[in-house]
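Reader: I'm new to this one. Could you take me through one part of it, close up?

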Amino acid sequence: MDTRLLFQDPAGLTTPMLAVFAVDVAIGKDADALVALLTTSDAISNAAATVLASGEFKATLGEQLLLHAPNGLKAERLLVVGLGKAKTLSIDEVRKGAGTAVRSAKPRGVREMAIAFPEDHALDDEHLENLPCTLLSRSIVEGAEVGELDWDTYRSDRKDRSVQVLTIVARESEEATKKEIQIGFEEGRIVAEAQNFARALVNEPGNVLTPTELGKRSKAMCGEVGLKCEVHSTEKLLELGMGAFHAVAKGSYEPPSLIVMTYEPKLEKGKSLPKDAPVLGLVGKGITFDTGGISIKPADGMDKMKYDMAGAAAMIGAMRAIAQLKPAVKVIGIVCSAENMPSGRAYKPGDVLTAMSGKTIEVLNTDAEGRLVLADGLHYAKTLGCTHLINAATLTGACVVALGMINAGLFSNDEAAFESFLTAMKTSGEKFWRLPCTDDYKDQIKSQIADIMNTGGTRWGGAISAAMFLKEFAGDTPWVHLDIAGCAWNEELKPWLAKGPSGIAVRSIVEWARGYSA
Ligand code: BES
Ligand code: ZN
Ligand code: ZN
């Protein structure tokens, strides 16, 4: 989709479809809806006045109302999109509203459309005060570009209904405001493209996206945006002593990939980062298919395990955006990619592995493979000089049991790194909920014969056992662990988002990294 920004009166824009946002300004739980449009254009308000007066449209989130040949407007159609209650309006609703607008155009065969930039002074008391212009325009682009995609490229009877041109149309305003809107627009485009890049990787089936293919695609992406990228395989794993990662990989015919992407900020001439400047390590679980290995998973739903590389995709996507947003901080992206298969060469329950850090691990279940590959990835990141670590992984079913599919799990060994992530979440709008990983839980991964074991002794607190395992390898380095098992795949079609890969964590990780910019 070609997304553009235009400063002019939306009422005078010639377009097949103009979308405008609406909120419910009624106060009180049982009050009838009172709809207000987020525009100061009288022409738009007049065009929608009769139908809004009917009370049929309540402006609930995702609700849509379409008028053809709206009176007094140049647009062929006026689409009113509900954002819910004005009182609870946040950037999240704006993002969803933009996605809804674009997804509403697609089945109608509308190829070009416009979204009117929301104006807070359209309301009596300025509800949008806490929604700065930069964030508003950024969210509209993100919501629209992420909402636009459908995962039908493998269908031979596919009818391409993509929206080809989207114009965000904001009224002429002060130069300072224009600049803010422009900045948000550019950032939104970069971040949304990165998120869609990650989603497209997750959408690929396991037979197409092998660890080798993931390496190839990462390398191609890095070439396009100017990142250094190295892709290693079995030999390097053995050379580095990555006994945990290698054990997972060895059951498969497909060789593993250790992908290392490096972003070095280019500073102004004569300037350099201080010696103690942070170096960020972004580590992703890239299991391109998880059968469970010898501890094989039940057949039911196993097909979904092609998305077990969503953590890796998030890191690859984040690196893409970081390369384009250019924060003044060094960032290293590390992806540990393998296929977890049962075979005559596969690792087995009872095996004892030696990780790169030297720690020994007793394998109780070969389906707890994500933590094994990440253990070596996290330690490797430290040897490359990373001072702050973040990892993302579809790590445990237990995390889905604990938090459902609305919040992803978050664990951290460091309050400052956690606070930075909370700040990032305010911009990203993604939902993560912190769970504990204090040393009280250490016994959960105590092994009879090795330093640690790869599952909890009981089934209780499984997401925490996994986090405790990873914490052993983060050590004293500030670390944030994101367990995205429940949120990486959108199970239900939403008015603003297709079913399938969500691209979760890309936006938050990018913001987290920018938070360390000098
Ligand atoms: N990839 C799975 C986790 C997962 C489960 C992701 C469900 C998405 C949905 C992971 O490798 C796994 O199998 N974990 C096991 C760990 C157990 C054996 C300790 C699990 O969660 O059951
Ligand atoms: Zn598994
Ligand atoms: Zn897995």
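**The site around ligand 1**

Author: The shell around ligand 1 is made up of seven charged, five polar and four nonpolar residues (Ala, Val, Leu, Ile, Met, Phe, Trp, Tyr, Cys and Pro count as nonpolar, Asp, Glu, Lys and Arg as charged, and the others, Gly among them, as polar). This is a predicted model, where local features need pLDDT of at least 70, side-chain atom pairs count only at pLDDT 80 or more, and totals for chains, interfaces and linings use all residues. Residues are numbered from 1 along each chain as its sequence is written, chains are lettered from A and ligands numbered from 1 in the order in which they are written, and side-chain values use heavy atoms, with hydrogens and water left out.

Now for the polar contacts (pairs of N or O atoms within 3.5 Å). Glu369 has a side-chain N or O atom 2.8 Å from an oxygen atom of ligand 1, and for Asp290 that distance is 2.9 Å. Lys285 joins in with a polar side-chain atom 3.2 Å from a ligand 1 oxygen. On its own, ligand 1 exposes 510 Å², and the protein buries 76% of that (accessible areas by the Shrake-Rupley method with a 1.4 Å probe).

Asp290 and Glu369 turn up again at the zinc ion (ligand 2), as protein donors alongside Asp367, at 2.0 to 2.2 Å (donors are N, O and S atoms within 2.8 Å of the metal, or 3.2 Å for Na, K and Ca; water is not among the atoms, so sites may look incomplete). Along the chain, the donors of ligand 2 follow the spacing D-x76-D-x1-E. Asp290 also bridges ligand 2 and another zinc ion, ligand 3, and these two ions lie 3.2 Å apart.

Notes
Polar contact = N/O pair within 3.5 Å; in protein donor to acceptor, adjacent residues only side chain to side chain.
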